[in-house]
Amino acid sequence: MIETRFSIPTPSHFSLWRTVYSHGWCALLPFHVDKEAQELVRIIELSDGTLASSSLSNGATGIAVRVRSQVKLSTDQKSEISGLLAMSLRVEEELSGFYAEARRHKQYRWIPETGSGRLLRAPTVFEDVVKMICTTNCSWALTTVMIENLTKHLGRRFADGAYSFPTPEALAGTTEHFLRKNIRAGYRSPYLIELADGVVSGRIDLESWRTSPLTTVELFEKVKSIKGVGDYAAGNLLKLLGRYDYLGLDSWVRSRYYDLHTRGRKVSDRTIERRYESYGTWRGLFFWLEMTKHWFDHKFPF
DNA sequence: GCGTCCAGGTCTACC
DNA sequence: GGTAGACCTGGACGC
């Protein structure tokens, strides 16, 4: 095994572990947090099919990256890995406007101070969409089971025994019966096949969403045109595309809101949305960070 | 041990 | 445009 090391420069107000633990993605394979080594680990599949294992930690000049591969990586391959990791960690996302807005509100000043606000995403939109569909209408425990099954049955095995996330081609090459029986994806199975088929055929261009010229409302409708993606999933996928106009309400976050703001009393979604309207296009990000602030009070980063 | 409910919802048919 | 019912799974809960 050949080891390569490099560093990814980070902007001010960047926190690796606030980003890694920004939501549940770090607990879904191929992402894995090695708490003992204090590293975020994942297998990356490069555009030429090469597999590599990347380990990320805090470094003196940014994110310290350690890559293991079976062949010596070319300059282009190292550059591709660096780009994919930087993109997943939202290193280049412009948040100065968001932080300026946060400083205007006493209750949100902790956000720029802690380097919060960057939401971890997968190297591909395809992976994000598949995972988001697998979070719908089930417990988090079942989501982790479905994603683990997907990677282990349809991903590629690296030398260390870890797996990559399946490609659209790998998913499209299965059957609804296989996904129901082996992945435990249930009624989501035909949705996943249809998504993968659409990507493979070129009918659906998911990767273009990250640089889409569409308005956020238009993009929201486009995301929702994917079978299995409704208001909750589309709202949260937009956050991973850098657009924060939607709250992405689900039962967990509603419950959290009731605990924080209404002493446990249920209120309508419209009431929740009204509370954050004044934060404009950043409202979804303020909302999510407020709902999850307590995670870092108790158990994160280590 | 068994039945029911529900969890980080969505789709379709029907009104 | 609004809503009821169906849809996979698996853990929690009550009996």
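This briefing walks through the domains, the pockets and the DNA-facing surfaces of the structure above. The model is predicted. Chain A is assigned three domains, namely domain 1 (2–114), domain 2 (125–240) and domain 3 (251–297). Two DNA strands accompany the protein here: 19 residues surround DNA strand B, while the residues around DNA strand C include Asn137 and Arg180.

**Domains**

- Between the C-alpha centres of domain 2 and domain 3 there are 26 Å.
- Domain 1 (2–114) and domain 2 (125–240) each contribute at least three residues to the lining of the second largest pocket.

**The largest pocket**

- Let's start with the space itself: the largest pocket holds about 820 Å³.
- Its lining is made of 28 residues, and those nearest the centre are Gly24, Trp140, Asp250, Trp252 and Trp288.
- Four helices each give this lining at least two residues: α6 (140–154), α11 (231–240), α12 (251–261) and α14 (283–298).
- Of the elements involved, α11 gives the most, with four residues.
- Sorted by class, the lining of the largest pocket has 14 nonpolar, 10 polar and four charged residues.

**The second largest pocket**

- The second largest pocket offers about 420 Å³ of space.
- Its lining counts 19 residues, with Glu45, Leu84, Pro123, Thr124 and Thr167 closest to the centre.
- At least two lining residues come from each of β3 (39–45), α2 (75–88) and α5 (125–133).
- Strand β3 has the largest share of this lining, at four residues.
- Here the classes split into nine nonpolar, four polar and six charged residues.

**Around DNA strand B**

- Among the 19 residues that surround DNA strand B, the closest are Asn137, Gly228, Gly230, Ala233 and Ser251.
- Sugar or phosphate accounts for 63% of the atoms of DNA strand B within 4 Å of the protein, and bases make up the rest.
- A base is reached by a side chain: a polar side-chain atom of Asn137 sits 3.0 Å from a base nitrogen of DNA strand B.
- The backbone takes part as well, with a polar backbone atom of Gly228 lying 2.8 Å from a phosphate oxygen of DNA strand B.
- A polar backbone atom of Ile226 is 3.5 Å from a phosphate oxygen of DNA strand B.
- Helices α11 and α12 each supply at least two residues of the surface near this strand, and the largest share, three residues, belongs to α11.
- Nine nonpolar, seven polar and three charged residues form the surface near DNA strand B.

**Around DNA strand C**

- The residues around DNA strand C are Asn137, Leu142, Arg180, Arg184, Gly186, Tyr187 and Arg188.
- By class, they comprise two nonpolar, two polar and three charged residues.
- Of the atoms of DNA strand C within 4 Å of the protein, 72% are sugar or phosphate and the remainder belong to bases.
- A polar side-chain atom of Arg180 comes to 2.8 Å from a sugar or linking oxygen of DNA strand C.
- For Arg184, an N or O atom in the side chain is 3.3 Å from a phosphate oxygen of DNA strand C.
- Arg188 addresses a base instead, as one of its polar side-chain atoms lies 3.0 Å from a base oxygen of DNA strand C.

**Where the topics meet**

- Helix α11 gives the most residues to the lining of the largest pocket and also has the largest share of the surface near DNA strand B.
- Asn137 is one of the residues closest to DNA strand B and is listed among the residues around DNA strand C.

Note on methods: Residues numbered from 1 in each chain as written. Chains lettered and ligands numbered in written order. Predicted model: local features only at pLDDT ≥ 70, side-chain atom pairs only at ≥ 80, totals over all residues. Heavy atoms only, no water. 1 Å grid on protein atoms, 1.4 Å probe; cavity = no way out; pocket = protein on both sides within 12 Å on 5 of 7 lines; lining within 4 Å. Points joined across faces, edges and corners; volume = space filled by probe spheres on them. Nonpolar A, V, L, I, M, F, W, Y, C, P; charged D, E, K, R; others polar. Domains from an automatic or database assignment. Near = heavy atom within 4 Å. Polar contact = N/O pair within 3.5 Å; in protein donor to acceptor, adjacent residues only side chain to side chain.
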